[in-house]
Amino acid sequence: MVVSPMSGLTASAADARSPFAAAYARLNEVFPYLRVHEAGPDEALPDGEGWVTAAALAEGGEALDAFLSWDEAQISRDYGKQGRPDVIASFGLHRYAWPACLLVTIPWFLSRRVPRVGVDAVAFQRTLGQITVRTGEFACLPDDPEAGHPNARVVPDEEALRAEVRAAVADHLEPVLEGFRPRIRRGTRALWGMATDEITEGLWYLGHLFGQEERAMREAGELLPGGTAPYARGAGFRQLPGPRGESLTTRDRASCCFFYTIRPEDTCVTCPRTCDAERVERMAATS
């Protein structure tokens, strides 16, 4: 999984009053490359050097040009070649969407609370690994201790809460995907395939760090079983037999990151281009 270098998280006074403080703090404990800050109701989103708002990315103008210049330079520096414009845009979208999805999925996974995070409620500083979010309305279950919170909206059961997760991520990502669309030059299904992958692989990776990988895979499968528009496919986990009789977990990504255009010999282990025999060989070597 490709994740930009990031730095640690500290809780703020605004965080301490938030229904999401514990979940975001736990995220920091296991994944110290992302600093999440919850902006207070009257606190402006940061706009200094290196910061970009999700709304600005969605506009697809100069802010997106500046954002993607980092990916263009990184590809040239690390791989010694120029990336195609659509590949650069795909890298940039992944590096925003992966942490942005965690703002919704981790409070759901850990606390069963689903924040609605508008496109105007997030700012990202990619080189420092900082993300600022302004939370407000959220969905929760009837037995949640925060069910009486003024911003809470109680839903009846787990499936209704999963629907809230899907809707919250879609509401945030849809305008961002549209902002990237002319650069990536892919259709609606391919873009929502990318969203499917960001949700699934973020949960899978963080579930492993939480020591709850099997639960994370199960819940990702329940969240994205397939046929839940606009998401292109389901989470798609499957098992392969390993050389020592072990069971190795894999999935087929719903989208392609185009890394093969940079290094044809080094595809992702979950890439549809990677055959099962190669997956088994690579996973067994690291298990």
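**Buried helices and aromatic pairs**

Analyst: The buried residues of helix 4 include Leu64, Phe67, Leu68, Asp71, Gln74 and Ile75. The model discussed here is a predicted one.

User: What covers the buried residues of helix 4?

Analyst: The cover includes strand 2, helix 3 (54–59) and helix 5 (85–111). Strand 4 and helix 6 (158–184) also belong to it.

User: Why is phenylalanine 67 called buried?

Analyst: The relative accessible area of phenylalanine 67 is 5%. A residue counts as buried under 20%, and therefore phenylalanine 67 qualifies.

User: How do you know that the length of helix 4 agrees with the expected span?

Analyst: Helix 4 (residues 62–79) has 18 residues, which at 1.5 Å a residue should span 26 Å. The C-alpha atoms at its ends are 26 Å apart, so the two values agree. Glycine 80 follows helix 4 and has a positive phi, near 70°.

User: What makes strand 2 and strand 4 a pair?

Analyst: Strand 2 (residues 51–53) and strand 4 run antiparallel and are joined by three bridges. Pairing requires at least two bridges, and therefore these strands are paired. Threonine 53 is found opposite alanine 123 of strand 4.

User: What makes strand 4 and strand 5 a pair?

Analyst: Four bridges connect strand 4 with strand 5 (residues 130–133), in the antiparallel sense. With at least two bridges needed, the criterion is therefore satisfied. Glutamine 125 faces glutamine 130 of strand 5. Four residues lie between the strands of this hairpin, in which glycine 129 adopts a positive phi near 70°.

User: Which way do the residues of strand 4 point, and are they buried or exposed?

Analyst: In strand 4 (residues 122–125), Val122 and Phe124 point one way, while Ala123 and Gln125 point the other way. All of them are buried. For phenylalanine 124 the relative accessible area is 0%, so the residue counts as buried.

User: Why is the pair of phenylalanine 67 and phenylalanine 124 called tilted?

Analyst: The ring centres of phenylalanine 67 and phenylalanine 124 are 6.5 Å apart, and the planes meet at 50°. Planes under 30 degrees apart count as stacked and those over 60 as edge-to-face, the rest being tilted. An angle of 50° therefore makes this pair tilted. The pair links distant parts of the chain, with phenylalanine 67 in helix 4 and phenylalanine 124 in strand 4, 57 residues apart.

User: How many aromatic pairs does a search of the whole structure find?

Analyst: The search finds 14 aromatic pairs. One of them is formed by phenylalanine 31 and tyrosine 205, with 6.0 Å centre to centre and 85° between the planes. Since planes over 60 degrees apart count as edge-to-face, this pair is therefore edge-to-face. Phenylalanine 31 lies in the loop between helix 2 (21–30) and strand 1 (35–38), whereas tyrosine 205 lies in helix 7 (residues 188–209), 174 residues apart. Phe31, Tyr33, Trp98 and Tyr205 form one aromatic cluster.

User: Why is phenylalanine 31 called buried, and why is tyrosine 205 called partly exposed?

Analyst: Phenylalanine 31 has 2% relative accessibility, so it counts as buried. Tyrosine 205 has 30% relative accessibility. Partly exposed residues lie between 20% and 50%, and tyrosine 205 therefore belongs in that class.

User: How do you know that helix 7 is largely enclosed by the rest of the structure?

Analyst: Of the 22 residues of helix 7, 16 are buried, so the rest of the structure largely encloses this helix. Leucine 209 is in helix 7. At a relative accessible area of 28%, leucine 209 is partly exposed. Leaving aside neighbours within four places in sequence, leucine 209 is in contact with Val30 and Phe31.

User: Which residues have the most contacts inside the largest nonpolar core?

Analyst: Phe67, Leu93, Tyr96, Phe180 and Leu206 have the most contacts inside this core of 73 residues. Helix 5 supplies its largest share, 16 residues. Not counting residues up to four places away in sequence, leucine 206 touches Leu27, Val30, Phe31, Trp98, Leu102 and Ile106.

User: What makes arginine 273 an exposed residue?

Analyst: The relative accessibility of arginine 273 is 54%. Exposed means over 50%, and arginine 273 is therefore exposed. Arginine 273 is located in the loop between strand 9 (247–251) and helix 9 (276–286).

Note on methods. Residues numbered from 1 in each chain as written. Predicted model: local features only at pLDDT ≥ 70, side-chain atom pairs only at ≥ 80, totals over all residues. Heavy atoms only, no water. Buried < 20%, exposed > 50% of the residue type's maximum accessible area, 1.4 Å probe, protein only. Helix = DSSP H or I, 4+ residues; strand = E, 2+ residues; numbered from the N terminus. Expected span 1.5 Å × (residues − 1). Contact = heavy atoms within 4.5 Å. Core = buried A, V, L, I, M, F, W, Y, C linked by side-chain atoms within 4.5 Å.
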